[in-house]
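Hi,

Here is the structure I said I would pass on. Have a look at it first, and my notes come after.

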Amino acid sequence: MFGKLLKYDFRAMWKQFAFIWPAALVLAVVNRFTLDGLGSSSSVGETTAGVAMLVYVAILIAMFIIAVIFTIQRFYTGLLGDEGYLMHTLPVKPWQLVASKLLCAVAATAVNVAVAILSMLLILPWDSGDLREVFQVLQYLCSHWSMESAQVIIAMLEFILFMLVSFAVGYLHVYLAMALGHLFNKNRVAMSVVAFIALQVVVSILGNMILPPINELISPLVHNFQGLEGFHAAMWFGIAIELAASAVYFAGTNYILHHRLNLE
């Protein structure tokens, strides 16, 4: 059943972004050919290039705004709103409902970032010489593979994992705030905003109290590592902190949905 939940949420995500993702890539290709017009003496070419770039930037901004709205709307409407009556009658546990929404939200954000990066690469004025150099670098890395090369790949994967966990923490913070706001009988949206701010204040206070002693304990260990080893240690320390925060947010949201849910 959890697989069906994921399929349902990912299908909704695709419907939401099916237009904007290809649009961002197409506009990046258009800007690739119109970008030279910004420095030309032709007013028509300069205007065309400016408009194309403006639309492209607007699409990128809208893409991330839609992701935030999509995340909030899917959780609030699906679990706390009208659809909640149906969702909570399904033969799944509340944590599975939260996990499905969370995975979909993180995936949408990750794809947004990937599309943004790819679109920026498409805008760059690549020529055959540039592509040949990139291919030669990749060929050299493959033919001279070493532990250092593997360490670089691992470091990149660690950074990606850290970013994904950070996205999850942000969304779970919002989920818990909405769940707390829903405990009130009136003004639930306003109380969700208040809960969000209150959680932020509490997290900031706890961070100032807990993180400095932990940092003093961990820093000597991290400094003992050199180069990429130090980066690995720092990344895993950050991932551990983010996972701990995620666990607290997730547990709080699950508890409210499981024991204190009020859809009236």
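Below is what I found, starting with confidence and then going through the helix packing and a couple of residues.

Bear in mind that this is a predicted model. The mean pLDDT over the protein is 80, and 79% of the residues reach at least 70. Broken down by element, H5 comes out with the highest mean, 89, while helix H6 (residues 128-143) has the lowest, 64. Where pLDDT is low, the coordinates should not be read in detail.

Most of my notes centre on H5, which spans residues 94-123.

H1 against H5: helix H1 covers residues 2-17, and its axis lies 9 Å from that of H5, at an angle of about 35°. The crossing is right-handed. On the H1 side, the residues involved are Phe2, Leu5, Leu6, Asp9, Phe10, Met13 and Phe17, and they meet a set in H5 that runs from Gln96, Leu97, Ala99 and Ser100 through Lys101, Leu103 and Cys104 to Ala107, Ala108 and Asn112. Sorted by class, this contact has 12 nonpolar, three polar and two charged residues.

H2 against H5: the axes of helix H2 (residues 20-34) and H5 come within 8 Å and cross at roughly 15°. Angles under 35 degrees count as roughly parallel, so that is how H2 and H5 run relative to each other. This crossing is right-handed. H2 contributes Trp21, Ala24, Leu25, Ala28, Val29, Asn31 and Arg32, and H5 contributes Ala108, Val111, Asn112, Val115, Leu118, Ser119, Leu122 and Ile123. Here the split is 11 nonpolar, three polar and one charged.

Ala108 and Asn112 of H5 turn up in both lists: they are part of the contact with H1 and of the contact with H2.

Now for two single residues. Is Gln96, in helix H5, buried or exposed? Its relative accessible area is 17%, and the cut-off for buried is under 20%, so Gln96 counts as buried. Setting aside neighbours within four places in sequence, Gln96 touches Phe2 and Leu5, and both of those belong to the H1 side of the packing described above.

The other one is Tyr255, which sits in helix H9 (residues 228-259). With a relative accessible area of 46%, Tyr255 is partly exposed. What separates the C-alpha atoms of Tyr255 and Pro94? The distance is 8.5 Å, although the two residues are 161 apart along the chain.

That is everything from me for now.

Cheers

Notes
Residues are numbered from 1 along each chain as its sequence is written. This is a predicted model: local features need pLDDT of at least 70, side-chain atom pairs count only at pLDDT 80 or more; totals for chains, interfaces and linings use all residues. Side-chain values use heavy atoms; hydrogens and water are left out. Axes are lines fitted to C-alpha atoms, for helices over the stretch in contact, and angles run from 0 to 180 degrees between N-to-C directions. Helices (H or I, at least four residues) and strands (E, at least two) are DSSP runs, numbered from the N terminus. Angles under 35 degrees count as roughly parallel, over 145 as roughly antiparallel, 65 to 115 as roughly perpendicular and the rest as oblique. A crossing is left-handed if the near helix is turned anticlockwise from the far one by less than a right angle, and right-handed if clockwise. Contact means heavy atoms within 4.5 Å. Ala, Val, Leu, Ile, Met, Phe, Trp, Tyr, Cys and Pro count as nonpolar, Asp, Glu, Lys and Arg as charged, and the others, Gly among them, as polar. Buried means under 20% relative accessible area, exposed over 50%, partly exposed in between (1.4 Å probe, protein chains only). pLDDT is the predictor's confidence in each residue, from 0 to 100.
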